[in-house]
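Please look over the sequence and the structure shown below, and then follow the report through its parts one after another.

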Amino acid sequence: MIGFLGPRNEGRSAPVAFEHVVKRFGAVTAVDDLSLDVPDGEMLVLLGPSGCGKTTSLRMLAGLESISGGQIRIGDTVVNELPPRARDIAMVFQSYALYAHLTVYENLAYPLRVRKLPKAEIDRRVRDVAGVVQIGELLERKPKALSGGQRQRVALGRAIIRRPAVFLMDEPLSNLDAKLRLHTRGELKRFQRELATTTIYVTHDQAEAMTLADRLAIMDRGILQQVGRPKEVYAKPASVFVAGFLGSPPMNLLDVRVTSVAGSPGLEIAGTSIPATGSLGARLGTLAPDQREVILGVRPEEVALSRETSGDRVPGEVFVVEDLGNEILVTLDLGGQFVMARMPSDYPAEMGDHLWFGFDSERAHLFDTVSQRRIE
Ligand SMILES: Nc1ncnc2c1ncn2[C@@H]1O[C@H](COP(=O)(O)OP(=O)(O)O)[C@@H](O)[C@H]1O
Ligand SMILES: [Mg+2]
């Protein structure tokens, strides 16, 4: 589909490395000791809540912000002191500034005209890229005659036409409506694969991150929390923060007490003690004898609700039922602590029903109350 670039982008794509990178704004440490390797051709998604340091990290890589400490490499080159133009990167932002007085064609051609490419070469590349981002019929229009989605495609086209070594994208889909965002997300993933150009994509949207990423890097308050493939991070979040940030609805996190039930390890959940079997018991066995409190994590899709107990369940009362059409969300009040369950849409549950909360002990997560880190 993207013939003009060739399968490996003519070898121009390059790996990126952050090495102990720090950014301070006065007393604020926006990025704190960031070390992160992005291999050549990877789509890395930097994910975290607003203010966690995502944009600052990208801007340091782009050369738009000075670096307070550490090093950034693109390929073999330390770029700390290189001006933005010498870094061979292209950026797409949330607010995609197009040249209002130029047609779509001229907006796309602009980066190539600056580089003084021959006219025929420019024309060929503009038409190829317009095909890729599907704006071939819009080439003669001015930006004001385009929808938000069309403008975003022009901005993407203008970034890829330059064949940079690295793409940087900062929440590029957040101005689109929900339907267009899903559509463009799929296209973006597709042409990132085809271009095979190293891409660092910033978002606060965990669903966008999960679907786009080859690997995720999750940040909180300037500190990198975990890096890994989306499935791995989802299955084994390294901290309470990551556990609560990935997944919608998020993981249920319960404050529980470590007890013993008939001489074996057990958990006291909202006043009810249940045995901790299998690997859950083994994990509890690794705790220091005086550690009596832990955080238990159960994803909403892993919650088992039932009308009866077999001694390993916790009683609760249905607080609310939310119907999503294809499934329902049942929130159970365990006596001050709440758990949410994703259930089939025909599951019979009404507000006020008495149900029992259970979970698969092999798939349950445990976290240290103090360090907030995962207990393996
Ligand atoms: N130019 C600046 N001056 C002072 N503080 C800044 C500046 N830019 C960002 N910050 C602060 O750095 C932190 C990280 O910001 P940012 O990188 O924009 O976060 P994100 O993109 O994850 O929302 C925030 O606390 C923000 O207020
Ligand atoms: Mg930002």
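## Nonpolar cores

In this predicted model, the largest nonpolar core has 45 residues, and those that touch the most other members are Leu108, Val126, Ile135, Ile160, Tyr201 and Leu216. Ile160 can serve as an example: if its neighbours within four places in sequence are left aside, Ile160 is in contact with Val129, Val132 and Val133, and also with Phe167, Phe191 and Leu195. There is also a second core, separate from the largest one, which has 32 residues and includes Leu267, Val298, Phe357 and Phe359.

A general remark may help in reading these lists. In soluble globular proteins, nonpolar side chains tend to be buried together.

## The largest pocket

The volume of the largest pocket is about 670 Å³. Of the 22 residues that line this pocket, Ile89, Ala90, Met91, Arg158 and Arg162 are the closest to its centre.

Which elements give two or more residues to the lining of the largest pocket? They are strand 6 (89–92), helix 2 (104–114) and helix 4 (148–160), and strand 6 gives the most, with four residues.

## Strands 1, 2 and 4

Strands of a sheet pair through backbone hydrogen bonds, and the pairing is either parallel or antiparallel. Strand 1 (residues 16–25) takes part in a pairing with strand 4 (residues 69–74), where the two strands run antiparallel and are joined by five bridges; within strand 4, Gly69 stands opposite Val22.

Strand 1 also pairs with strand 2 (residues 28–38), again in the antiparallel sense, over seven bridges, and the bridge partner of Ala17 in strand 2 is Asp37. Strand 1 and strand 2 form a hairpin with two residues between the strands, and in this hairpin Gly26 takes a positive phi near 60°.

## Helix 1

Is helix 1 mostly covered or mostly exposed? Helix 1, which spans residues 54–62, is mostly covered, since seven of its nine residues are buried. The buried residues in helix 1 are Lys54, Thr56, Ser57, Leu58, Met60, Leu61 and Ala62, a list in which Lys54 stands beside residues such as Leu58 and Leu61. After helix 1 comes Gly63, whose phi is positive and near 90°.

## A sheet of five strands

Further along the chain, five strands make up an open sheet in the order 15-19-16-17-18, with antiparallel pairing. Strand 15 (303–306) and strand 18 (338–344) stand at the edges of this sheet, and each has a single partner strand, so one side of each is left without a neighbour in the sheet. From one strand to the next, the twist averages 45°.

The pairing of strand 17 (residues 327–333) with strand 18 is antiparallel and extends over seven bridges. Within this part of the sheet, Thr331 stands opposite Met340, a residue of strand 18.

## Pro344 in strand 18

Pro344 has its place in strand 18. Is Pro344 buried, partly exposed or exposed? Its relative accessible area is 46%, and because partly exposed residues lie between the limits of 20% and 50%, Pro344 counts as partly exposed.

When residues up to four places away in sequence are not counted, Pro344 touches Glu327 and Ile328. Pro344 and Gln206 are 138 residues apart along the chain, and their C-alpha atoms are separated by 23 Å.

How values were computed: Residues are numbered from 1 along each chain as its sequence is written. Chains are lettered from A and ligands numbered from 1 in the order in which they are written. This is a predicted model: local features need pLDDT of at least 70, side-chain atom pairs count only at pLDDT 80 or more; totals for chains, interfaces and linings use all residues. Side-chain values use heavy atoms; hydrogens and water are left out. Two strands pair if DSSP finds at least two bridges between them. Axes are lines fitted to C-alpha atoms, for helices over the stretch in contact, and angles run from 0 to 180 degrees between N-to-C directions. Buried means under 20% relative accessible area, exposed over 50%, partly exposed in between (1.4 Å probe, protein chains only). A nonpolar core is a set of buried Ala, Val, Leu, Ile, Met, Phe, Trp, Tyr and Cys residues joined through side-chain atoms within 4.5 Å. Contact means heavy atoms within 4.5 Å. On a 1 Å grid over the protein atoms alone, a cavity is a set of points where a 1.4 Å probe fits but cannot get out, and a pocket is an open set with protein on both sides within 12 Å along at least five of seven lines; lining residues have an atom within 4 Å of a point. Grid points are joined across faces, edges and corners, and a volume is the space filled by probe spheres set on the points.
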